[in-house]
Amino acid sequence: VSQETVRRSINSVIKKLKYYKLNEFAVSCPDIKNIKDKDIVRAIMEGSILGNYEFIKYKTDKSKIIDVNKLGLIHHKSLELRETIERTKIICDNILWLRDIVNENADAKNPVEMANIAREIAKKSKLNIKILDEKDIKKLGMNLFLAVSQGSRFPPRLFILEYNGDKKSKERYALVGKGITFDSGGLNLKGTGFMETMKSDMAGAATIIATLKTLSELKIKKNVIGVLPFCENMISQTAYKPGDIFKSYSGKTVEIINTDAEGRLILADALSYTENVIKPDYIIDLATLTGAILKTFGEYVCGIMSNDSGFAKKLYESGEEEFERVWELPLYEDFKDEVKSDFADMPNSSYEGLYGGYAGAIMGAAFLSNFLENTKWIHMDIAGVSWYEKQRNYMFRGATGWGVRLLVNFFSNN
């Protein structure tokens, strides 16, 4: 029996309650060997709250939808567990927000609208925020970021969202997130079966917003900055083209082999900016980067690649505790050597092709590694875990909200 067993068991109860049209229940919390009382209570709450979720905003008939909205916890240490209950509720509520925003229509969360949403969250959660518009982005020389966005009617935005939880410490972490609010594939158009879920291509950036909001509300003693490039990858007469070459923020040039390898382009500029301007001690990026990661791990595990195995191991340990599992893939120099172009410093898609080729997820990370110099870094390819094609236990079809529990655990325990 593990915490995950408890989550799934409680989720089974939630399904039965909905079937019988009941909206409240109570759980007598058991003693389970080798699991702390607070962890049992936490697992019961997570299985209940996350398992009760449904995205119903666009349902016209909500009368048949049963909301299990009251949970009673019976425990002989109930007063001692109050802090755990409040903490878990905050985390789960922010996961539900994350699911909602990723499930939302693409136009309702376009880059400009996301800026308004981020401002409101920053105000309520006491986060510092700076939003750069297309003129600022152009002035910085983020030409890869601008290239991806130039086919859209919505201009790009770059958010710098800051949480200062430990003013006595100079140590800082940066979270960099892919925020493609819709990905058509550009002129290398995605086919049927690949495009329908691309409103979820901003899950990396949204996960970071939810995480920073949670860290602030829990008052975790860490200093964490989010760097979030938001744009669309669309088709129009102004869209960037295969064969084009652009100069990045770092000064390195990139040849566009495939316009559907756009996430690594906006991340390349964001990572360089983060290292050179923010100057954090550690960087973690989250991105729905490759379909190749699904071929490796399915929807069960997040593939990570890093330039520091000790840093990656800590993230792995948090993932095991939260059952939001990560697994490190190698990032050897051999892979980096494959990132070569005859006409520019590097191509945005090469050795692996884009679909069904060699080491696709690793090659995405190999490309990104060229835009960092010395900072300890982890790349998280969340393409498989952030969106489910069918319901699994307390994860409904669609946005999963994966990653918030993992990152909160990581920042709480390291």
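1. A cavity, as the word is used here, is a set of grid points where a 1.4 Å probe fits but cannot get out. Please keep in mind while reading that this is a predicted model. Searching the whole structure turns up 2 cavities of 30 Å³ or more, and the largest cavity has a volume of about 40 Å³.

2. If you would like to find that largest cavity on your screen, look for its lining: Leu 98, Arg 99, Val 102, Ala 203, Thr 207, Ser 386, Ala 399, Thr 400, Gly 401 and Trp 402. Two elements, α3 and α7 (203-218), each give two or more residues to this lining. The largest share, 3 residues, comes from α3.

3. Helix α3 also takes part in an open space. The second largest pocket holds about 390 Å³. Among the 17 residues lining this pocket, Lys 38, Asp 39, Arg 42, Arg 87 and Asn 413 are the closest to its centre. Two or more lining residues come from each of α2 (37-51), α3 (82-103), α10 (309-322) and α13 (404-413). Helix α13 makes the largest contribution to the lining of the second largest pocket, with 5 residues.

4. Now to the strands, where β7 deserves a careful look. How many residues of strand β7 (residues 223-233) are buried? The count is 11 of 11, so the strand is largely enclosed by the rest of the structure. Asn 223, Ile 225, Val 227, Pro 229, Cys 231 and Asn 233 point one way from β7, while Val 224, Gly 226, Leu 228, Phe 230 and Glu 232 point the other way. Both sets are buried, and that includes Glu 232 and the two asparagines, Asn 223 and Asn 233.

5. Which strands pair with β7? Strand β4 (residues 157-164) runs antiparallel to β7 and is joined to it by 8 bridges; here Leu 158 stands opposite Pro 229. Strand β5 (residues 173-177) runs parallel to β7, with 4 bridges between them, and Val 176 has Val 227 as its bridge partner. Strand β6 (residues 179-183) is also parallel to β7, over 3 bridges, and Ile 180 is partnered with Cys 231. As a reminder, strands of a sheet pair through backbone hydrogen bonds, either parallel or antiparallel.

6. Strand β4 is worth following a step further. Of its 8 residues, 6 are buried, which leaves β4 mostly covered. Besides β7, strand β4 pairs with β3 (residues 128-132) in the antiparallel sense, over 5 bridges. In that pairing, Lys 130 of β3 has Ile 160 of β4 as its bridge partner.

7. There is also an open sheet of 3 strands, in the order β8-β9-β13, with mixed pairing. Its edge strands are β8 (245-247) and β13 (346-347), each of which pairs on one side only. Strand β9 (residues 253-255) runs parallel to β13 and is joined to it by 2 bridges. Glu 255 stands opposite Pro 347 in that pairing.

8. Cysteines next, since you may well be asking about disulfides. The count comes to 0. Why is Cys 29 not bonded to its closest cysteine? The sulfur of Cys 29 is 14 Å from that of Cys 92, the closest cysteine sulfur, which is too far for a bond; the cut-off for a disulfide is 2.5 Å. Cys 302 is in no disulfide either, and its nearest cysteine sulfur, again that of Cys 92, is 20 Å away.

9. Are Cys 29 and Cys 302 buried or exposed? Cys 29 has 11% relative accessibility and so counts as buried. Cys 302, at 0%, counts as buried too. The limit for that label is under 20% relative accessible area.

10. Finally, the aromatic side chains. The structure holds 14 aromatic pairs, and ring pairs link Tyr 173, Tyr 282, Phe 311, Phe 410 and Phe 411 into a cluster. Two tyrosines have a charged side chain over the ring: Lys 16 lies over the face of Tyr 19, at 6.0 Å from the ring centre, and the charged end of Arg 392 sits over the ring of Tyr 388, 5.0 Å from its centre.

Notes
Residues numbered from 1 in each chain as written. Predicted model: local features only at pLDDT ≥ 70, side-chain atom pairs only at ≥ 80, totals over all residues. Heavy atoms only, no water. Buried < 20%, exposed > 50% of the residue type's maximum accessible area, 1.4 Å probe, protein only. Pairing = 2+ DSSP bridges. Phe/Tyr/Trp six-rings, centres within 6.5 Å; stacked < 30°, edge-to-face > 60°. Lys NZ or Arg CZ within 6 Å of the ring centre and 35° of its normal. 1 Å grid on protein atoms, 1.4 Å probe; cavity = no way out; pocket = protein on both sides within 12 Å on 5 of 7 lines; lining within 4 Å. Points joined across faces, edges and corners; volume = space filled by probe spheres on them.
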